[in-house]
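Open the model in your viewer and keep the selection box handy. This tour tells you what to pick next and what to look for there.

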Amino acid sequence: MKHIDIKDILAKQYNGQQVTVCGWVRAARDSKTIAFVSLNDGTSLEHLQIVLDKAALGDVSDYLRMGAALKVEGQVVDAVVKEGGVEVNATQVTVLGECPPEYPLQKKRHTMEYLRTIPQLRLRTNTFNAVFRVRSVLAGALHRFFQERGFSYIHTPLITGSDCEGAGEMFRVTTHPFATPYTNEEDYYANDFFGKKAGLSVSGQLEGEMAAMAMGKIYTFGPSFRAEKSNTPRHLAEFWHLEPEVAFAELPDVIELAETMIKYVIKDVMERCPAELAFFEQHFEAGLRDKLNNIVQNDFAILDYTDAIDLLAKADVEFQYPHEWGCDLQTEHERYITEKVFNKPVFVINYPKAIKSFYMKQNADGKTVAATDLLVPGVGEIIGGSEREADLGKLLAAMRERNMPEEAYSDYIDLRRFGSCPHGGFGLGFDRLVMYVTGMSNIRDVLLFPRTVGSLR
Ligand code: ATP
Ligand code: MN
């Protein structure tokens, strides 16, 4: 069906011309001699006004039903009421798909909770239409950022035989039927599809490192899976994970890459999605565009973990969780630091080695590792990264301290045996980035079908 994107008509590329547009009815208004339809095809937040002349078109009632899919032929003219706008005077309308009155999106505004019960339809609201356009632009910007800098896009496996870094609980992958009669674990897994225990990957990092040790600069971008039992507004069981890995990079290089990347993609969204950002600012987060502008224009803070602990000790706040040196920072601590102390993104660096993964580079103090988390106001941690331990002996020692089986990691250990070098990278929670940029406060509202504990649709 030859038709023109509504966004191009609104951009006045077709003034005076006869066009065909297709879309869904988002609103309709009837009067004595004419009726109006707001048509949306998903290419823009703004709807296109279709003017229906009843004398010429006859009974137009079928064209005015919320949610109906229409094909409209007509002429693009200057809008009569909306100054500077355009509208289409319809000469012919075809109903491509009827939409009965039980269509759930009749009202103008629904609660986010209600919309979560209709994931198959909620994209047809302004809010979700805008979220998913921004999500797409962000993904494109990330690819462009890395491609422009000579990074190779690597696809790492989703089914894995190793429980990566033990980061979060793994989902198991099996083809065994219900009540498989095995008496011991070894037999059970030996007879399963892969002949061994298998799971869904929590991170592509270990394989990403293998690629970086040959390609130099790589990134992965795909889903990671974590059987997170915690029911929070920022955890999913299936989330989108962007993970660059860079050979010959040390922690400051990793930090610089992360900051440059965040600024690049935010600038890109500000340029490409001004209407969407204005919409989010009006309905979801006051001051959103100022926030994003400040991100692009100012340096992020860098804070040593030990100094963060000092700040928490001095804070005039009752925290729920302990915050002595050695404790992991909880969301309440992260948010205090990034929102109350700095009010901008903060890289916390040099965490105690006991609370971080085995592969992180051990610092000379013997207590900390060259790790960093990027914390942002409103969301908390969006990036976790580090320089990697390049020394074979130190890596093996860290694995032994954690009782990790060396055989299961022999491929990874090989990287330290054959041409090891300093390298590092990070993992960005893409869905959390979308939250941060749009002002959505629940991660369930930035994916088509969010997967969380007890919820699969
Ligand atoms: P958190 O402490 O928030 O649970 P994490 O430290 O377990 O996260 P990492 O292993 O460092 O997470 O993963 C890198 C990034 O991936 C995180 O900074 C976060 O943005 C994102 N991420 C991790 N787990 C999830 C999840 N369950 N849902 C959505 N995003 C996640
Ligand atoms: Mn982390």
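**Stop 1: an exposed loop residue**

Select Thr-175: leaving out residues up to four places away in sequence, it touches Asp-192 and Phe-193. Contact here means heavy atoms within 4.5 Å. Thr-175 sits in the loop between strand 7 (159-160) and helix 5 (185-190). Helices (H or I, at least four residues) and strands (E, at least two) are DSSP runs, numbered from the N terminus. Is Thr-175 buried or exposed? Its relative accessibility is 52%, so Thr-175 counts as exposed. The cut-offs are under 20% relative accessible area for buried, over 50% for exposed, and partly exposed in between (1.4 Å probe, protein chains only). Now take the C-alpha distance from Thr-175 to Asp-192: 6.4 Å, for residues 17 apart along the chain.

A word on the model: it is predicted, so local features need pLDDT of at least 70 and side-chain atom pairs count only at pLDDT 80 or more, while totals for chains, interfaces and linings use all residues. Residues are numbered from 1 along each chain as its sequence is written, chains are lettered from A and ligands numbered from 1 in the order in which they are written, and side-chain values use heavy atoms, with hydrogens and water left out.

**Stop 2: the whole protein**

Zoom out. The protein has 14 helices and 15 strands. Its C-alpha atoms fill a box of roughly 85 × 60 × 45 Å along the principal axes. Of its 457 residues, 51% count as buried. Take the contacts between residues at least 6 apart in sequence: 66% of them join residues at least 24 apart.

**Stop 3: a strand residue**

Select Thr-91, in strand 5 (residues 86-97). Which residues does Thr-91 contact, leaving aside neighbours within four places in sequence? They are Gln-18, Leu-57, Glu-73 and Gly-74. Then add Gln-106, which is 15 residues from Thr-91 along the chain, with 27 Å between their C-alpha atoms.

**Stop 4: helix 7 and two partners**

Show helix 7 (residues 251-272) with helix 14 (residues 430-438). Their axes come within 12 Å and cross at roughly 50°. Axes are lines fitted to C-alpha atoms, for helices over the stretch in contact; angles run from 0 to 180 degrees between N-to-C directions. Helix 7 and helix 14 are therefore oblique to each other. Angles under 35 degrees count as roughly parallel, over 145 as roughly antiparallel, 65 to 115 as roughly perpendicular, and the rest as oblique. Turn on side chains: Ile-262, Val-265, Ile-266 and Val-269 of helix 7 meet Leu-433, Tyr-436 and Val-437 of helix 14. This contact of helix 7 with helix 14 has seven nonpolar, no polar and no charged residues. Ala, Val, Leu, Ile, Met, Phe, Trp, Tyr, Cys and Pro count as nonpolar, Asp, Glu, Lys and Arg as charged, and the others, Gly among them, as polar.

Next, add helix 4 (residues 126-148). Helix 4 packs on helix 7 at about 135°, with the axes 9 Å apart. That makes helix 4 oblique to helix 7. The helix 4 side includes Val-134, Leu-138 and Phe-145, and the helix 7 side includes Met-261, Tyr-264 and Arg-272. By class, the contact of helix 4 with helix 7 has 12 nonpolar, one polar and four charged residues.

**Stop 5: helix 13**

Select helix 13 (residues 410-417) and colour its buried residues: Tyr-412, Ile-413, Leu-415 and Arg-416. Seen down the helix 13 axis, they fall within an arc of 140°, so they line one face of the helix. The arc is that of the directions from the helix axis to the C-beta atoms. On the other side of helix 13, Asp-411 and Arg-417 are exposed. The buried residues of helix 13 pack against helix 6 (205-215), helix 12 (392-401) and strand 15 (423-429). Finish at Gly-419, just after helix 13, with a positive phi of about 70°.
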